[in-house]
Amino acid sequence: GILPFGASGNSGLCDEMVSPACLSAAVAVGAVYHQENASPTTHYITDTVTCTDPTAQPDQVACFVSRNDCIDLLAPFLVTTPTRGGGTWGFTGTSAASPHAAASAALLYQAAGSATPMTPDLAVAILKSTGKIASDLCGNGRPVPRIDAWAAVEQAISPTDCNSNGEPDVLEVGRGAAADAALLGIETPAVAAHRGRPAALR
């Protein structure tokens, strides 16, 4: 089945989300600070309206995030990529957080293998159950998990993809060499890169 993810919106509202995140079929994703940008910051909601977080801690929901009791997941709101010439390009907001969650779900489909096929409902359940509960200053008191892709993938790996010693079988598992190597304790460039990433992105 199809698993749609939607950005919750950047209007800073505590009692509503934008479409399509507000639709019941969508996985609504809000945004949190992570270690690389956890400092008090003023955000532009529109060209003339701003909000400011007086404090900013890793896994704290940013002030610009629209959310209500139907929000499903949280993810880091900053995406940066290198450009030609050695510079960087980036974008922020819940539109940057939502792809983090969608990509994490894609990892679960890859990790599950053929023995226990992944389903949309199972993917969302795993992302929620393995996520870290984030701090929300909005006051609605509802705990919302920030995705932890590494923990989610570990839970998604099927036990039948392991050999008699309980170790992942590199030759039979279809989730990719990097994931297999990580679980076997082999230090590959991909694994080394993961170890160097902020915890909120793991």
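This is a short tour of the structure above, stop by stop, with something to select at each one. Keep in mind that the model is predicted.

**Stop 1: the whole chain**

Start with the full chain in a cartoon view. It has five helices and nine strands. If you follow the sequence from its start, the elements come in the order β-β-β-β-β-β-β-α-α-β-β-α-α-α. Now switch on a surface. The accessible surface of the chain comes to about 10,300 Å², and carbon and sulfur atoms account for 56% of that. Of the 202 residues, 42% count as buried. Contacts that reach far along the sequence matter for the next stops: among those between residues at least 6 apart, 60% join residues at least 24 apart.

**Stop 2: strand β2**

Select residues 27-32, which make up β2. Is this strand enclosed or open to the outside? Six of its six residues are buried, so β2 is largely enclosed by the rest of the structure. Show the side chains and look at the two faces. V27, V29 and A31 point one way, while A28, G30 and V32 point the other way, and all are buried.

Next, add the neighbours of β2. Strand β1, residues 5-7, pairs with β2 in the parallel sense over three bridges. To find one of these contacts, select A7, whose bridge partner in β2 is V29. Strand β5 also pairs with β2 in the parallel sense, this time over four bridges. Here you can select V32 and look for its bridge partner in β5, P76.

**Stop 3: the β6 and β7 hairpin**

Move along to residues 78-82, strand β6, and residues 88-92, strand β7. These two strands run antiparallel and are joined by five bridges. Select P82 and you will find T88 of β7 standing opposite. Then look at the turn: five residues lie between the strands of this hairpin, and G85 takes a positive phi near 90°.

**Stop 4: a cluster of rings**

Select Y33, F64 and F77, which form one aromatic cluster. How many aromatic pairs does a search of the whole structure find? There are two. In one of them, Y33 and F77 meet edge-to-face, with 5.2 Å from centre to centre and 75° between the planes. Y33 sits in the loop between β2 and β3, and F77 in the loop between β5 and β6, so this pair ties together parts that are 44 residues apart in sequence. Y33 is buried at 1% relative accessibility, and F77 is buried at 3%.

The other pair is F64 with F77: the ring centres are 5.2 Å apart and the planes are at 85°, so this pair is edge-to-face too. F64 lies in the loop between β4 and β5, so the pair with F77 ties together parts 13 residues apart in sequence. F64 is buried, as is F77.

**Stop 5: the cysteines**

Select C51 and C63. A disulfide joins them, with 2.0 Å from S to S. The torsion about the S-S bond is about 75°, so the disulfide is right-handed. C51 is in strand β4 (residues 50-52) and C63 is in the loop between β4 and β5, twelve residues apart. Both ends are buried: C51 has 13% relative accessibility, and C63 has 16%.

Now select C22 and C70. Why is there no bond here? The sulfur of C22 is 9.0 Å from the closest cysteine sulfur, in C70, which is too far for a bond. C22 is partly exposed at 43% relative accessibility, whereas C70 is exposed at 52%.

**Stop 6: the nonpolar core**

In soluble globular proteins, nonpolar side chains tend to be buried together. To see the largest nonpolar core here, begin with F5, L108 and L127, which touch the most other members among its 40 residues. Then colour β2, β5, α1 (94-112), α2 (120-130) and α3 (149-156), each of which supplies at least two residues of this core. The largest share, six residues, comes from α1.

Finish by centring the view on L127. Leaving aside residues up to four places away in sequence, L127 touches F5, L73, A101, S104, A105, L108, I147 and A152.

Technical notes:
Residues numbered from 1 in each chain as written. Predicted model: local features only at pLDDT ≥ 70, side-chain atom pairs only at ≥ 80, totals over all residues. Heavy atoms only, no water. Disulfide = S-S within 2.5 Å. Buried < 20%, exposed > 50% of the residue type's maximum accessible area, 1.4 Å probe, protein only. Contact = heavy atoms within 4.5 Å. Areas by Shrake-Rupley, 256 points an atom, 1.4 Å probe, with all protein chains shown as cover. Phe/Tyr/Trp six-rings, centres within 6.5 Å; stacked < 30°, edge-to-face > 60°. Core = buried A, V, L, I, M, F, W, Y, C linked by side-chain atoms within 4.5 Å. Pairing = 2+ DSSP bridges.
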